[in-house]
Amino acid sequence: MRFMVLVKADRQSEAGVMPSRELLEAMGRFNEQLVQAGVMLAGEGLQPSSKGARVRFSGGKKSVIDGPFAETKELVAGFWIWKVNSRDEAIEWLKRAPFEETEVEIRQVFEVEDFGGELTPEMREREERHRARAEELSKAGKH
Amino acid sequence: MRFMMLMIPKGYETAPPDVKLDAERVKAMMKYNESLQKAGVLLALDGLHPPSSGARVSFAGGKPKVMDGPFPEAKEVVGGYWMIQVRSKEEAVAWASRCPASDDETIEIRRVQELADFSGDVREAIAGLPEMQAGVGQKR
């Protein structure tokens, strides 16, 4: 099963302050362990919300709001996608992460099987085609 | 440049672990996903199970403390995401605006950090990252 690991923002990340070299190196070693164990599928950092935007859908209308956004505690600063055998395994991995004050959220990713009867065979096939095509595009180095 | 579009559906913070998705809505969303793909901007996408089946780990003082979901204090939670490759923030906003989202849903657009965004010591410390990302088949 796959899990998304959402690393929450704090004042520093929102201010665009980079972590110390020491912490970055510790995180690099942790990432290496994840790769070697075959756990890591993806991982990225996000720029502060001040460089982002929100599109809000309300009353049939759309409004665009430029960042920064006030709810710093709920904002995402980065994420991983991990492939593990259980939720407990994901939590055990996360406990080993070299964070100092951060809050991190673990959420299971939906797989096609989770949709059961809701997803028709055609939709399922289309979903699989999408993933295969996205992979081809990335392998072809298309940007 | 890469942007992450984070879907924040109002009410998902209190959804039960076995939340039922509406087939019609999923269908509309799949059509939208297809349009992203046809335009060649889609790099990755996923939906997330509700927070009630998730967990939070806080690291106060470097010590991990696990809390099971749901998280009563959370006013908004992520329900899924798209990773897209576009030329500008405006283009990302335009794509988000085309999403067949429901009332009370918000899409947050956030630029993804690239190696070129860093300099000096930091850049040196994370120099191995692109190779690592390519090694696990991550799309850029």
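These legends accompany close-up views of a predicted model with chains A and B.

**View 1. Here is a hairpin of chain A, built from strands β3(A) and β4(A).** Strand β3 (residues 53–58) of chain A pairs with β4(A) in the antiparallel sense, over six bridges. To find your way along the ladder, start at S58(A), whose bridge partner in β4(A) is K61(A). Two residues lie between the strands, and G59(A), in the turn, has a positive phi of about 55°. Is β4(A) tucked away or in the open? None of the six residues of strand β4 (residues 61–66) of chain A is buried, so the strand lies largely in the open.

**View 2. Next come two cis peptide bonds, at P68(A) and at P70(B).** In chain A, the bond from G67(A) to P68(A) is cis, with omega near 5°. P68(A) sits in the loop between β4 and β5 of chain A. In chain B, G69(B) and P70(B) are joined by a cis peptide bond with omega of about 0°. The loop that holds P70(B) runs between β4 (65–68) and β5 (80–85) of chain B. As background for both spots, most peptide bonds are trans.

**View 3. This view follows helix α3 of chain A and its buried residues.** In helix α3 (residues 87–95) of chain A, the buried residues are A90(A), W93(A) and L94(A). They cover an arc of only 100° around the axis, which puts them on the same side of α3(A). What covers these buried residues? The cover includes β1 (2–8), α2 (21–36), β5 (76–83) and β6 (103–108) of chain A, together with β3 (55–58) of chain B.

**View 4. Two spots in chain B with positive phi are shown here, G40(B) and D104(B).** Helix α1 (residues 23–38) of chain B has 16 residues and reaches 22 Å from its first C-alpha to its last, close to the 22 Å expected at 1.5 Å a residue. After α1(B) comes G40(B), with a positive phi near 75°. D104(B) is a residue other than glycine, yet its phi is also positive, near 70°. Look for D104(B) in the loop between α2 (89–97) and β6 (105–111) of chain B. With 13 other C-beta atoms within 10 Å, D104(B) is partly exposed.

**View 5. Now to where chain A touches chain B.** Here 60 residues of chain A are in contact with 62 residues of chain B. On the chain A side, β1, α2, β2 (40–45), β3, β4, α3, β6 and α4 (121–139) each supply at least two residues. Which element gives the most to this side? It is α4(A), with eight residues. The residues of this side divide into 26 nonpolar, 13 polar and 21 charged. Strands also meet across the two chains: β6(A) and β3(B) run antiparallel and are joined by four bridges. Within β3(B), R56(B) stands opposite E105(A).

**View 6. The last view turns to the nonpolar cores, beginning with the largest, of 61 residues.** The residues with the most contacts inside this core are V5(A), V76(A), M5(B) and I84(B). Leaving out residues up to four places away in sequence, V5(A) touches F79(A), W80(A), W82(A), L94(A), V104(A) and I106(A). L94(A) is also one of the buried residues of α3(A). Another core, of five residues, lies apart from the largest one, and among its members are L24(A), A125(B), I126(B) and L129(B).

Conventions:
Residues numbered from 1 in each chain as written. Chains lettered and ligands numbered in written order. Predicted model: local features only at pLDDT ≥ 70, side-chain atom pairs only at ≥ 80, totals over all residues. Buried ≥ 20, exposed ≤ 12 C-beta atoms within 10 Å, placed from the backbone. Pairing = 2+ DSSP bridges. Arc of directions from axis to C-beta. Contact = placed C-beta atoms within 7 Å. Expected span 1.5 Å × (residues − 1). Nonpolar A, V, L, I, M, F, W, Y, C, P; charged D, E, K, R; others polar. Core = buried A, V, L, I, M, F, W, Y, C linked by C-beta atoms within 7 Å.
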